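Please load the model in your viewer and keep the selection tool at hand. The stops below take you from one part of the structure to the next.

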Amino acid sequence: MRHTPEQARRLALAKWIADPENPLTARVLVNRLWHHTVGEGLVNTPSDFGRNGARPVNPELLDWLASEFMARGWSIKAMHRLILTSSTYRQSSRNNPAAFKADPENSLLWRQTRQRLDGEAIRDALLVVSNQLNPAIGGPCVFPELPAELAAAVLSGAHVPSP
């Protein structure tokens with residue numbers, strides 16, 4: 001099959017990105033997984049690994065994670081398990097004055113960085129502790145009851161000020 005020059009360029013790019021010998025793809029993916037799990041990427045510019053992007057704060061860890069990702073068959077689930085069971089992820093967020101003095105930005109990952117939870121995680125946590133979480137897959141949508149004034153504002157299309 002003959003390709004146009006544009007198709008040939010796109011095909012060459014796709015083959016380069018997916019090439020198992022190209023470590024950049026694995027590095028970008030594990031950095032994004034790390035970023036979303038730990039709260040900050042090993043490269044602080046997850047959308048820019050190029051010349052304008054930040055340097056990795058721990059290049060050895062990034063390279064090791066990338067090699068593990070490839071060795072584990074590019075399994076995102078396996079990487080989640082590896083990161084979530086690591087001592088880095090499971091450590092306390094408590095301050096250590098000596099470590100803070102040496103590394104105030106926590107770039108050496110001496111403590112867990114506090115993160116805000118999204119609404120779904122808070123809701124699920126409340127359902128778990130109240131023993132009301134239904135672990136079954138599927139089911140009807142949940143429509144929580146809204147306060148009357150909020151429901152009226154939403155139905156009228158009015159702007160609802162945030163608290």
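**Starting point: the first helix**

Select Arg10, which at 59% relative accessibility counts as exposed, where exposed stands for over 50% relative accessible area, buried for under 20%, and partly exposed for anything in between (1.4 Å probe, protein chains only). Residues are numbered from 1 along each chain as its sequence is written, and side-chain values use heavy atoms, with hydrogens and water left out. Keep in mind that this is a predicted model, in which local features need pLDDT of at least 70 and side-chain atom pairs count only at pLDDT 80 or more, whereas totals for chains, interfaces and linings use all residues.

Add Glu6 to the selection: its side chain and that of Arg10 meet in a salt bridge of 3.9 Å, N to O, a salt bridge being a side-chain nitrogen of Lys or Arg within 4 Å of a carboxyl oxygen of Asp or Glu. Because they are four residues apart in helix α1 (residues 5–18), Arg10 and Glu6 are separated by about one helical turn. Glu6 is partly exposed, with a relative accessible area of 46%. The count of salt bridges under this rule comes to four.

**The whole chain**

Zoom out and colour by secondary structure, and the chain shows seven helices and zero strands; helices (H or I, at least four residues) and strands (E, at least two) are DSSP runs, numbered from the N terminus. How does the radius of gyration stand beside that of a compact globule of 163 residues? The chain has 22 Å, whereas such a globule would have a value near 15 Å; the radius is taken over C-alpha atoms, and the globule rule is 2.2 Å times the number of residues to the power 0.38. Along the principal axes, the C-alpha atoms fill a box of roughly 60 × 60 × 35 Å. Of the 163 residues, 21% count as buried.

**A link between α2 and α3**

Now select Arg27 in helix α2, together with Asp63, since the side chains of these two meet in a salt bridge of 2.8 Å, N to O. Asp63 lies in helix α3 and Arg27 in helix α2, so the pair ties together parts that are 36 residues apart in sequence. Is Arg27 buried or exposed? At 19% relative accessibility, Arg27 counts as buried, while Asp63, at 38%, counts as partly exposed. If neighbours within four places in sequence are left aside, Arg27 is in contact with Phe49, Pro56, Leu62, Asp63 and Ala66, contact meaning heavy atoms within 4.5 Å.

**The largest nonpolar core**

Next, display Val30, Trp34, Leu42, Leu65 and Met79 as sticks, for these are the residues that touch the most other members of the 15-residue largest nonpolar core. Such a core is a set of buried Ala, Val, Leu, Ile, Met, Phe, Trp, Tyr and Cys residues joined through side-chain atoms within 4.5 Å. Helices α2 (23–38), α3 (59–71) and α4 (76–84) each supply at least two residues of this core, and α2 gives the most, with five. Centre the view on Trp34, whose contacts beyond four places in sequence are Gly39, Glu40, Gly41, Leu42, Leu61, Leu65, Ile83, Thr88 and Leu109.

**Two loop residues with positive phi**

Move to the loop between α3 and α4, the place of Trp74, a residue with a positive phi of about 60° although it is not a glycine. Trp74 counts as partly exposed at 30% relative accessibility. Then select Asn131 in the loop between α6 and α7 (148–156), where phi is near 60°, again a positive value in a residue other than glycine. Asn131 is exposed, with a relative accessible area of 71%.

**A nonpolar surface patch and a last salt bridge**

Finally, show the surface of Leu117, Ile122, Leu126, Val128, Val129 and Leu133, which make a nonpolar patch of about 590 Å². Patches are made of residues with over 30% relative accessible area and no salt bridge, like charges being joined within 9 Å and nonpolar side chains (Val, Leu, Ile, Met, Phe, Trp, Tyr) within 5 Å; the areas come from the Shrake-Rupley method with a 1.4 Å probe, and for residues only the protein chains shown count as cover. Leu117 is found in the loop between α5 (97–102) and α6 (119–129) and is exposed, with a relative accessible area of 59%.

End the tour at Arg123, which forms a salt bridge with Asp124, the closest N and O atoms being 3.3 Å apart. Arg123 is partly exposed at 39% relative accessible area, and Asp124, at 34%, also counts as partly exposed.
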